[in-house]
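A visitor has come to see one part of a structure up close, and a guide is at hand to talk it through.

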Amino acid sequence: MRLAAAWLLALAALTCASPPPDDRCAVSIEAVDPDSGRPVPVLLRVSDGQGRVVAVPGLLDRGIGLDDKHAAHRWSVLPGRRTARLPRERLTFEAFRGLETEIHRVEADLGGLEKSEVRLAPRRFTAAAARGWRHANTHLHLQKITREESDRYLLEVRPTIAVEPDEG
């Protein structure tokens, strides 16, 4: 009986062991309002030193339902703080929120790092909503995706295109 328990314990230890190290860094990515410091959802693009887009696992592709070569595929939705495993190299993180913010760029050298943090703070340059203007997202590419993808898209993308009047 003790021998069987020992074998089970050894098997559990092997199956629960940490994965072997890889060439990726665990990067915590967050966007905040630069004035209040509150977390905000943004559209995010990550690129390598040659300008090639680096996919961020787990984030929604902004171009879902569009042709494969559409420029919207270069952007992902960052609905809040997320941690993703990205290549251990110098990367450029870019974020914006709606038509009222400038693109904020942050460079991070992830070479040799196990973990890192990136904080983006797109600055608002106008307050259209305070002057009565409203944002809308009336794109029809939702017809080309599943109901589940559509629901996720509408929940995650909408806050990235509209900056409410009471924010900032």
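Visitor: Could we take a close look at where β6 and β7 meet: in which sense do they pair, and over how many bridges?

Guide: Gladly! First, a word on what you see: this is a predicted model, in which local features need pLDDT of at least 70 and side-chain atom pairs count only at pLDDT 80 or more, while totals for chains, interfaces and linings use all residues. Residues are numbered from 1 along each chain as its sequence is written, and side-chain values use heavy atoms, leaving out hydrogens and water.

Now to your strands (DSSP runs of E, at least two residues, numbered from the N terminus). β6 and β7 pair antiparallel, joined over six bridges; two strands count as paired if DSSP finds at least two bridges between them. Within this pairing, T92 faces E107 of β7.

Step back, and the pair belongs to an open, antiparallel sheet of five strands, running β3-β4-β2-β6-β7. At its edges stand β3 (60-61) and β7, and each has a single partner strand, so one side of each has no neighbour in the sheet.

Both of your strands also help to build the largest nonpolar core, which has 22 residues. A nonpolar core is a set of buried Ala, Val, Leu, Ile, Met, Phe, Trp, Tyr and Cys residues joined through side-chain atoms within 4.5 Å, where buried means under 20% relative accessible area with a 1.4 Å probe, protein chains only. At least two residues of this core come from each of β1, β2, β5 (82-87), β6 (90-96), β7 (104-109) and β8. The largest share, four residues, is supplied by β1. Among the residues with the most contacts inside the core are I29 and F93. Not counting residues up to four places away in sequence, I29 touches F93 and L44, among others; contact here means heavy atoms within 4.5 Å.

There is also a second, separate core of nine residues, and F96 and I145 are among its members. I145 lies in the loop between β8 (115-120) and α2 (147-161), and counts as buried because its relative accessibility is 15%. Beyond its neighbours within four places in sequence, I145 is in contact with I64, G65 and S150. The first of these partners, I64, is 81 residues from I145 in sequence, yet their C-alpha atoms are 7.4 Å apart in space.

Definitions and conventions: Buried means under 20% relative accessible area, exposed over 50%, partly exposed in between (1.4 Å probe, protein chains only).
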